[in-house]
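I sat down today to look for enclosed empty space in this protein. My notes are below, with the structure at hand for anyone who wants to follow along.

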Amino acid sequence: MIRKMKLRLDVPLALFLCLSPIRAADYKLSPQSVERKASYTLKVTIDPCDAKNKLSPDTELETATSGLIITDRLVAEDRCDLTAKLTVQDQAAFGRATLNLVERTDSARKLLKALSIEVAAVTPEPTPPGLGQKVDIMWKVLPWRQVADSYGKKVADQYFAVELTVGNNAGYSLLIESIGFLAPSRDIPWPNDAYSITRSTIEREQQVGTRAMVLNSIAGAAGVATATSPFFKNQGHLAQFGVFVGLGNPILEGLRLIWPDKTVRHLIAMDTRVFRGPMIIKNNEPKSIYTFISREMVECKKDCAVKKGTRLDFSRKGFHPLEVMNGLGQVVLVGHEIEYINRVRVVSREAPSATPVPPVVQELPTQARTLAQSGTLKLKLTGNGLANVVPSVPDDSGLRVSQTTNDPNGKFTELTVEAGLDAAPGRVTMAMSTVGGVATLDLIVRTGTPKVTDVKPAEVKIGTETSVTLTGEFLNRARINAPPNVKVNAQPASDDDERKGKKLVLKITPQAGAATGSNTVGLTRDGVSVSFVVTVIQ
């Protein structure tokens with residue numbers, strides 16, 4: 001009984017160990033970030049690529065995002081990856097865009113995966129080697145004397161001055177909006193005091209400070225004394241009083257010389273050095289920042305209470321900057337990386353214009369969008385937003401597109417596509433542009449079938465070189481398959497018919513040993529073969 005139980009347990013265990021997990025196929029896109037006004041070669045790779053996971057030859061990459069045009073799609077021979085050319089136009093919106101990887105047939109369309117790509121406004125700038133992308137901060141609290149000399153004693157008594165040096169190696173410019181200090185005992189950082197608040201402290205000192213009050217008091221007393229002179233009846237007393245009043249101006253001038261007004265210089269230092277709000281720090285450019293934080297808020301403890309008739313004394317000069325730094329804790333910079341700045345121009349007008357509708361084209365079957373080399377294709381495209389659409393194809397495609405009918409309501413448009421003899425077989429992406437965006441449609445160019453309708457002369461003589469002219473279609477770029485002991489050479493095109501493939505001139509020389517009678521000469525063009533017969537005579 002025990003052995004049977006073990007056997008029943010071992011069989012499924014062995015099967016479980018032998019079975020390998022089935023891994024679902026995934027699709028990876030590179031690159032994942034692009035910029036405006038540039039072209040890129042996209043590559044989509046299937047992972048894993050094995051016998052069960054392969055890309056179909058009909059796999060395509062498409063997008064409905066305005067400003068992105070995908071052309072030249074090609075599936076590799078091993079069917080493990082797909083490449084395509086992506087053109088990012090100037091009107092492409094910044095941010096994430098979706099590229100759909102689809103498997104298309106004549107009657108169906110299967111979405112394999114929606115891939116994401118970033119349209120970036122600014123690519124990261126270079127950073128010093130070995131440092132990586134980061135932001136460094138060095139900071140210190142300035143001593144009382146330095147603050148008093150630069151911004152005045154009133155500012156030194158009421159604020160702690162902090163000097164920061166920010167090194168930006170983030171790859172982008174930084175927009176610093178605020179500076180905070182996260183104390184060890186707090187969960188929320190203290191913000192720095194606003195520039196306007198700190199500046200008002202100097203302005204108040206300039207208006208009602210000790211120097212201002214003394215000088216203004218002397219000037220006011222002299223004016224009042226001058227106004228009281230008519231009350232003196234004794235001329236001797238009036239003369240002495242006038243001399244006393246006259247001392248006011250010399251005293252004022254002397255005080256101004258020995259007691260200069262430092263607030264003007266302090267205001268200049270405040271305006272030129274101190275952090276005043278949003279500040280841009282460029283990549284790889286360190287910058288020094290000066291800011292202030294209220295001493296009353298930092299030094300006041302939880303049990304600090306201002307009693308009536310008393311006030312806290314923050315005028316002590318002997319504080320230690322390191323102790324203040326420990327109390328402030330960590331520096332917190334509030335801001336973000338600058339990836340792009342949209343500049344908006346507003347123009348006054350009577351009524352806003354309607355938002356342009358992006359063009360949308362309904363899909364056509366493969367047969368309806370296929371034409372042969374040197375052929376013509378008439379298209380009627382239906383959809384929305386097709387008013388004033390401008391069709392275009394790549395300059396090197398060998399195709400020419402002309403518009404015959406355009407619906408003013410944007411419901412349809414009729415086009416004529418002409419393919420030249422030099423049109424390369426394969427897919428050609430036609431772009432249809434409007435003010436609202438761009439829609440695309442893939443055209444299929446197939447190889448023209450060679451055809452021989454006449455051979456002149458039809459007889460050639462052994463040992464004699466004979467010029468034979470073939471008449472037909474798509475005879476250019478044909479590879480010649482000559483019968484045994486018959487030498488056949490194609491001659492360079494000398495007129496339009498030969499260049500267009502309507503005529504081909506051959507030099508045929510039957511050599512000794514060539515079979516007399518009918519001999520078949522083959523022509524192969526882009527994998528399609530045709531033959532004609534010449535008669536070899538003695």
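These entries go from the whole chain to the cavity search and then to the lining.

**Entry 1, the chain.** I began by noting that this is a predicted model. I then looked up the secondary structure, and the protein chain has 11 helices and 31 strands. Next I checked burial: of the 538 residues, 36% count as buried. For the surface, I found that the protein chain exposes about 32500 Å², with carbon and sulfur atoms supplying 54% of that area. I also looked at contacts with a separation of 6 or more, and 67% of them join residues 24 or more positions apart.

**Entry 2, the search.** Rolling a probe the size of a water molecule over the atoms shows where empty space is left. How many cavities of 30 Å³ or more does a search of the whole structure find? I got one. The space in this largest cavity comes to about 40 Å³.

**Entry 3, the lining.** Which residues line the largest cavity? I wrote down V141, L142, W144, V147, A156, Y159, F160, A161, R295 and F319. Sorted by class, that lining has nine nonpolar residues, no polar ones and one charged residue. The charged one is R295.

**Entry 4, where the lining comes from.** I matched the lining to the secondary structure, and helix 2 (144-151) and strand 10 (159-169) each supply at least two residues. Strand 10 gives the largest share, three residues.

Key: Residues are numbered from 1 along each chain as its sequence is written. This is a predicted model: local features need pLDDT of at least 70, side-chain atom pairs count only at pLDDT 80 or more; totals for chains, interfaces and linings use all residues. Side-chain values use heavy atoms; hydrogens and water are left out. On a 1 Å grid over the protein atoms alone, a cavity is a set of points where a 1.4 Å probe fits but cannot get out, and a pocket is an open set with protein on both sides within 12 Å along at least five of seven lines; lining residues have an atom within 4 Å of a point. Grid points are joined across faces, edges and corners, and a volume is the space filled by probe spheres set on the points. Helices (H or I, at least four residues) and strands (E, at least two) are DSSP runs, numbered from the N terminus. Buried means under 20% relative accessible area, exposed over 50%, partly exposed in between (1.4 Å probe, protein chains only). Contact means heavy atoms within 4.5 Å. Accessible areas come from the Shrake-Rupley method with a 1.4 Å probe; for residues, only the protein chains shown count as cover.
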